[in-house]
Amino acid sequence: MSTVSPFAKHLPLGAILPSGWLRKQLQIQADGLGGHLHEFWPDIKDSQWRGGSAEGWERVPYWLDGFVPLAFLLQDERLIGVATEWLEIILAGQHDDGWFGPRTANESHGERKNDPWPQFILFKVFTQWHEATGDPRIVPAMLKAMRRIHEVMRETPLWDWAKMRWMELAISIKWLKEQTGEVWLDELLALAAEQGYNWQAHFENFKHTEKATKWTLENHVVNHGMALKESLYRSGNSSHAWYKLTKFHGQATGMFSGDESLAGLSPSQGTELCAVVEAMYSLELRFAEDGDVFDALRFERIAYNALPATFTDDMWGHQYDQQVNQVLCTDSKIKEETIFTTNGPRSNLFGLEPNFGCCTANFHQGWPKLTSHLWMQRADGSLAALSLAPCTVSTEAVSFVVETDYPYGETVTIRATRGSADLDLPIPTFGVGKSIGPKTVTLTPEAPVIIQIPFEVETSKRPSGGVSVYVGPLLFGLKIGQDVRPDGPEPWADREVHPTTPWNYALDLSKPLVLDKETLTIKATGHRVPEWGLEKHAAGPLPQSPVAVTTPAEEITLVLYGSTLLRIAEFPVVAPSSAP
């Protein structure tokens with residue numbers, strides 16, 4: 001574990017509250033699956049965690065890890081009541097030896113007893129609950145459970161998911177040590193690092209350089225999303241991870257591919273939703289540790305593109321896998337006819353539980369944890385921004401509001417309503433990772449901070465030779481007409497999405513890209529590439545750029561990637577001399 005003092009610490013749950021578009025987004029989540037899943041989904045409603053017969057492994061802890069912060073960030077009494085009921089059931093069900101919940105519940109991995117992985121997730125639920133409520137039962141209950149896990153680890157070293165994801169335990173060990181000062185927790189952390197998978201060595205000797213053909217724990221995309229935080233608990237170079245994942249599997253959304261396994265550079269490969277929210281959480285913790293502006297850049301690109309794009313507008317439906325070049329969402333019926341590494345033919349449908357239910361349970365943490373980590377507090381009392389989304393912030397020394405539509409608007413105004421504080425504002429320009437505007441400012445009630453972040457259209461060359469188009473952190477994609485075909489009970493029916501307009505365009509970069517700042521759309525010039533068609537129910541390989549075209553120029557519209565169900569967001573480029 002690093003002995004260097006962290007850059008900053010996250011504020012307790014409730015110190016940051018959403019406003020503006022961000023509050024609306026959280027409310028949409030609460031009005032959709034986020035606030036109603038427990039009412040009808042058997043793996044929550046009838047879970048073994050509350051004495052039922054359905055899944056009793058990771059899904060309830062996953063769900064609560066996002067549901068608890070959602071409830072308190074919205075200050076929603078109904079949701080807080082549901083969370084309270086669940087926490088009461090789980091706390092009352094703690095076994096005499098300290099274990100929480102079912103002891104044997106992971107049916108897909110042989111039903112081994114005392115699998116600690118679900119406990120790791122549950123501890124993150126407990127820490128958030130304690131921050132929001134001050135519940136005095138949490139720390140003693142966690143200490144008792146941690147002692148039992150310590151005993152289990154001495155008897156049987158970490159295995160399977162717990163071995164690969166030991167960092168999730170380290171988070172709560174560190175938190176509990178700060179609360180109690182218990183020295184034996186250092187021993188537990190050291191044992192977890194010793195028994196856990198060595199991700200530092202994994203990235204230094206990275207073997208997963210191509211699209212996988214067989215699933216393993218070592219190539220599983222969600223494990224890699226979690227692994228990004230390992231350097232916080234085991235000394236080493238954290239830059240290896242991002243460099244290797246971007247070089248061999250990077251996507252225009254800022255994420256890396258993995259549909260279920262790491263899947264290479266093709267923009268038609270998928271990225272699992274669980275990996276998106278786990279990568280975001282890892283970056284939130286990394287920023288608190290090192291204050292690295294590049295972690296903030298990566299975070300924003302993922303959060304404002306990959307996260308919203310994988311949901312329907314009402315958040316009653318989500319995908320298991322999203323694709324940067326997503327031109328068809330359909331059930332091919334036959335697994336071998338899909339482009340995905342090991343996932344099934346329904347993986348890019350929008351619905352309740354496409355392909356597998358882990359994302360149904362785990363997606364809930366994305367927007368709430370983004371909100372609760374927007375600002376970090378440094379040891380000297382100053383505050384550092386991870387992202388300048390609209391919110392209100394309250395600490396002992398200062399309260400302020402962030403008034404903005406960022407990243408969908410150019411102006412950020414920060415107004416103090418009480419006290420004063422120094423603010424560290426790493427305001428990114430995405431083209432080359434520069435910063436603009438003031439780095440550190442002093443905020444007082446008499447002197448609001450006003451920041452202008454100008455919208456500029458930028459293109460970025462992709463490994464395919466094609467390009468992607470951005471404005472700040474926002475990725476843009478081709479607007480494609482869509483035919484949505486629901487199948488099942490509303491409002492959580494599975495939905496196929498079929499294109500109703502052409503999608504196989506190459507982008508002519510000799511013509512201007514014209515941004516409409518009011519509608520956040522871009523007018524561009526494209527040429528159809530007739531030979532570019534479907535392969536395995538997905539957009540075929542990107543034509544090699546520059547592309548010689550014979551088709552006439554057409555005006556095309558690019559829209560926010562996060563608002564689309566279908567799109568092309570990695571384009572081949574027209575050869576300058578070939579356009580008719």
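Is T395 buried or exposed? In this predicted model, T395 has a relative accessible area of 11% and is therefore classed as buried, the cut-off for that class being under 20%. The residue is found in the loop that lies between strand 7 (391-394) and strand 8 (398-404). When residues up to four places away in sequence are not counted, T395 touches L11, Q377, L383 and R418.

Burial was also computed for two cysteines. C391 has a relative accessible area of 0% and is buried, and C329 is likewise buried, with a relative accessible area of 0%. The count of disulfides comes to zero. For C329, which is in no disulfide, the nearest cysteine sulfur belongs to C359 and is 15 Å away; because a disulfide requires two cysteine sulfur atoms within 2.5 Å, this distance of 15 Å does not meet the criterion.

With regard to strand pairing, the model contains an open sheet of five strands, arranged in the order 1-5-6-10-13 and with mixed pairing. The edges of this sheet are formed by strand 1 (9-10) and strand 13 (440-443), each of which pairs on one side only. Strand 13 is joined by four bridges to strand 10 (residues 421-424), and the two run antiparallel. Within this pair of strands, D424 stands opposite T440, a residue of strand 13.

Notes. Residues numbered from 1 in each chain as written. Predicted model: local features only at pLDDT ≥ 70, side-chain atom pairs only at ≥ 80, totals over all residues. Heavy atoms only, no water. Pairing = 2+ DSSP bridges. Buried < 20%, exposed > 50% of the residue type's maximum accessible area, 1.4 Å probe, protein only. Contact = heavy atoms within 4.5 Å.
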